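Please explain how the helices of this protein pack against one another, what surrounds its ligand, and where its backbone departs from the usual geometry.

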Amino acid sequence: MKKFKWWATLIVSAFLLVLSACGASETSGGGEKKKKLRVVTDAAYAPFEYQDKGEVVGFDVDFIKAVAKQAGYELKVEHVGWDPLFVEIKGKTADLAVSAITINDDRKQTYDFSVPYFLSTNKILIPKDSDIKSAADLKDKVVAVQNGTTGQEAVETLLGKENKNVKKFKDNNLAIMELKNGGADAVVADNTVIEEYVKNNPNENFIVIEDDGAFEKEFYGVLFPKESKLKVEFDKAIKEMMENGEYAKIYKKWFKVDPDLTELKTQQ
Ligand code: ARG
């Protein structure tokens with residue numbers, strides 16, 4: 001009798017285990033089926049998103065995977081490029097975009113953003129022997145930027161909108177290439193990206209200078225189509241990750257230091 005009970009329990013629990021495993025792959029939370037999300041990005045912006053052996057990797061990729069997991073979603077991250085990612089989100093052919101995208105009023109008219117998840121500012125990348133000392137010195141210089149970024153906007157505020165000295169590129173790597181080849185005197189882009197570039201390419205003799213008078217603080221957000229239902233779930237997950245240490249873990253993996261969460265949290 002005793003022996004029978006033992007076997008019965010084992011069989012029943014094995015059966016339950018199989019059942020719950022099947023369930024986990026298709027449903028989560030309240031049991032409704034959650035689809036696999038399509039995430040688009042411009043993977044030419046290391047260390048946030050770049051391609052490594054055909055795979056899209058970076059801080060943003062680890063971040064969005066962790067957020068999705070927390071919210072109960074699976075996702076697929078696809079490199080489509082900077083301008084196309086906005087087209088896809090507007091047309092709802094993708095569910096969300098993560099690409100070091102600055103939250104600003106202009107974009108908010110067309111898209112929804114998550115709560116802020118990263119603090120950034122534009123800075124200036126120049127050769128070590130350049131005579132550029134501040135943003136004001138860019139006036140009569142040729143400046144390379146990624147088209148459609150806050151960097152372009154900041155430089156056009158300084159040099160004027162139709163100024164031919166502002167060279168616009170499809171991605172930021174091409175802007176840096178132009179500087180390297182002598183076709184530009186400076187690149188203006190997000191601080192972390194150009195600082196990382198200088199660190200990884202010490203032989204190229206570039207430096208980064210800052211100018212908080214000219215360049216504002218910016219916050220990155222996850223981009224959604226307007227009225228996307230995902231925003232509420234993702235905001236909740238992002239806040240939870242900032243509380244439970246998961247955000248700090250990913251941040252430390254990529255930036256080797258602990259994040260300063262106080263400023264981000266005041267913005268939420
Ligand atoms: N933060 C800047 C902006 O939103 C530049 C972002 C560029 N991102 C990229 N993956 N190329 O305009």
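An axis here is a line fitted to C-alpha atoms, for a helix over the stretch in contact, and the angle between two axes runs from 0 to 180 degrees between their N-to-C directions. The model to which this is applied is a predicted one. Two packed helices are described by the angle between their axes and by the distance between those axes.

With that in hand, consider helix α2, residues 59–71, whose axis comes within 8 Å of the axis of α8 and crosses that axis at roughly 110 degrees. Angles from 65 to 115 degrees count as roughly perpendicular, and α2 and α8 are therefore roughly perpendicular to each other. On the α2 side the contact is made by F63, I64, A66, V67, A68, Q70 and A71, while α8 contributes E233, F234, A237, I238, E240, M241 and N244. Sorted by character, the residues of this contact between α2 and α8 comprise 10 nonpolar, 2 polar and 2 charged.

Helix α8, residues 230–244, also meets helix α9, residues 246–255, and here the axes come within 4 Å and cross at roughly 75 degrees. This pair, α8 and α9, is therefore roughly perpendicular as well. The residues that meet are M241, M242 and N244 in α8 and E246, Y247 and I250 in α9, and the residues of this contact divide into 4 nonpolar, 1 polar and 1 charged.

Turning to the ligand, there are 14 residues around it, of which D42, A100, T102, R107 and D190 come nearest. A polar backbone atom of A100 is 2.8 Å from a nitrogen atom of the ligand, and an N or O atom in the side chain of Q146 is 2.9 Å from a ligand nitrogen atom. An oxygen atom of the ligand, in turn, lies 2.8 Å from a backbone N or O atom of T150. Taken alone the ligand exposes 350 Å², and the protein buries 99% of that area.

The backbone geometry remains to be considered. Most residues other than glycine have a negative phi, and most peptide bonds are trans. A100, by contrast, has a positive phi near 55 degrees although the residue is not glycine, and A100 is placed in the loop between β6 (96–97) and α4 (105–108). The peptide bond from A46 to P47 is cis, with omega near 5 degrees, and P47 lies in the loop between β2 (44–45) and β3 (49–52).

Technical notes
Residues numbered from 1 in each chain as written. Predicted model: local features only at pLDDT ≥ 70, side-chain atom pairs only at ≥ 80, totals over all residues. Heavy atoms only, no water. Helix = DSSP H or I, 4+ residues; strand = E, 2+ residues; numbered from the N terminus. Parallel < 35°, antiparallel > 145°, perpendicular 65-115°, else oblique. Contact = heavy atoms within 4.5 Å. Nonpolar A, V, L, I, M, F, W, Y, C, P; charged D, E, K, R; others polar. Near = heavy atom within 4 Å. Polar contact = N/O pair within 3.5 Å; in protein donor to acceptor, adjacent residues only side chain to side chain. Areas by Shrake-Rupley, 256 points an atom, 1.4 Å probe, with all protein chains shown as cover.
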